[in-house]
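Got your viewer ready? Here is a short tour, one selection at a time.

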Amino acid sequence: MDAELAVLAGTAGTTLVTLLTTEAWQRVSDGITSLWRRAEPQRAEAISAELEVTRTDLLAAREAGDTDTDGELGAEWQGRIRRLLLAHPQEAEALRTLLDELRPVTPDTPAVTQHATASGHARVYQAGRDQHIGPA
């Protein structure tokens, strides 16, 4: 598979998972399902159902404070989309178009923003994930 299609699948998987818990979720679901409907019509309904399950899983994970599920589900969808593009490379342009259409609703800012100021001999420790500070 050419590297460009692999990157496209990665972007699509991340975008899909990011937007499934926003107001744009139905547009995302319809767009991804339509890719399958054109390429593999026999799987379109199953893909639609899997998107619903993914959305439910994401909402439950976020409510429980689980930060790992987003990445796991993004990787799953990246794999599905990559395999679709391998079998049907002609769908790459439709996927690019969908991602372009979704760009205005994709958050430009990260979910967490950190700011810190230290002066004198102060120290600031920040982490986007787990942080363990122990004896040196």
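Helices here are DSSP runs of H or I with at least four residues, numbered from the N terminus. By that count, Thr69 has its place in helix α4. We'll come back to that residue; start with the whole chain.

**Stop 1: the whole protein**

Show everything as a cartoon, and keep in mind that this is a predicted model. You'll find 5 helices and 0 strands, so the order from the N terminus reads α-α-α-α-α under the DSSP naming. Now switch on the surface: about 8,700 Å² of the protein is accessible, and 51% of that belongs to carbon and sulfur atoms. Of the 136 residues, 32% are buried. How much of the contact list comes from residues 24 or more positions apart? Among contacts with a separation of 6 or more, they account for 67%.

**Stop 2: the core**

Hide the surface and select Leu16, Ile32, Trp36, Ile81, Leu85 and Leu95. These have the most contacts inside the largest nonpolar core, a set of 26 residues. Which elements give two or more residues to this core? They are α1 (3–19), α2 (25–39), α3 (44–63), α4 (69–87) and α5 (92–102). The top contributor is α1, with 7 residues. As background, nonpolar side chains tend to be buried together in soluble globular proteins.

Now zoom in on Ile81. Setting aside neighbours within four places in sequence, Ile81 contacts Ala9, Ala12, Gly13, Ile32, Trp36 and Leu95.

**Stop 3: Ala9**

Follow one of those contacts to Ala9, which lies in helix α1. Is Ala9 buried or exposed? With a relative accessible area of 0%, Ala9 is buried, because anything under 20% counts as such. Beyond its neighbours within four places in sequence, Ala9 is in contact with Gln78, Ile81, Arg82 and Leu85. Try the distance tool between the C-alpha atoms of Ala9 and Gly79: they are 7.4 Å apart in space, though 70 residues separate them in sequence.

**Stop 4: two tryptophans**

Next, select Trp36 and Trp77. The structure holds 1 aromatic pair, and this is the one: the ring centres are 6.4 Å apart with planes at 85 degrees, so the pair is edge-to-face. The cut-off for that label is an angle over 60 degrees. The pair links distant parts of the chain, with Trp36 in helix α2 and Trp77 in helix α4, 41 residues apart. Both Trp36 and Trp77 are buried. Add Arg80 to your selection as well: Arg80 lies over the face of Trp77, 4.3 Å from the ring centre.

**Stop 5: back to Thr69**

Return to Thr69 in helix α4. Its relative accessible area is 12%, so Thr69 is buried. Show side chains here and look for Asp66: the side chains of Thr69 and Asp66 make a polar contact at 2.6 Å. What else does Thr69 touch, not counting residues up to four places away in sequence? Select Asp57, Leu58 and Ala61 to see those contacts.

**Stop 6: past the last helix**

Finish with Val124, found in the segment after α5. Val124 has a relative accessible area of 39%, so it is partly exposed: the value falls between 20% and 50%. Leaving out residues up to four places away in sequence, Val124 touches Ala116, Thr117 and Ala118.

Technical notes
Residues numbered from 1 in each chain as written. Predicted model: local features only at pLDDT ≥ 70, side-chain atom pairs only at ≥ 80, totals over all residues. Heavy atoms only, no water. Buried < 20%, exposed > 50% of the residue type's maximum accessible area, 1.4 Å probe, protein only. Contact = heavy atoms within 4.5 Å. Areas by Shrake-Rupley, 256 points an atom, 1.4 Å probe, with all protein chains shown as cover. Core = buried A, V, L, I, M, F, W, Y, C linked by side-chain atoms within 4.5 Å. Polar contact = N/O pair within 3.5 Å; in protein donor to acceptor, adjacent residues only side chain to side chain. Phe/Tyr/Trp six-rings, centres within 6.5 Å; stacked < 30°, edge-to-face > 60°. Lys NZ or Arg CZ within 6 Å of the ring centre and 35° of its normal.
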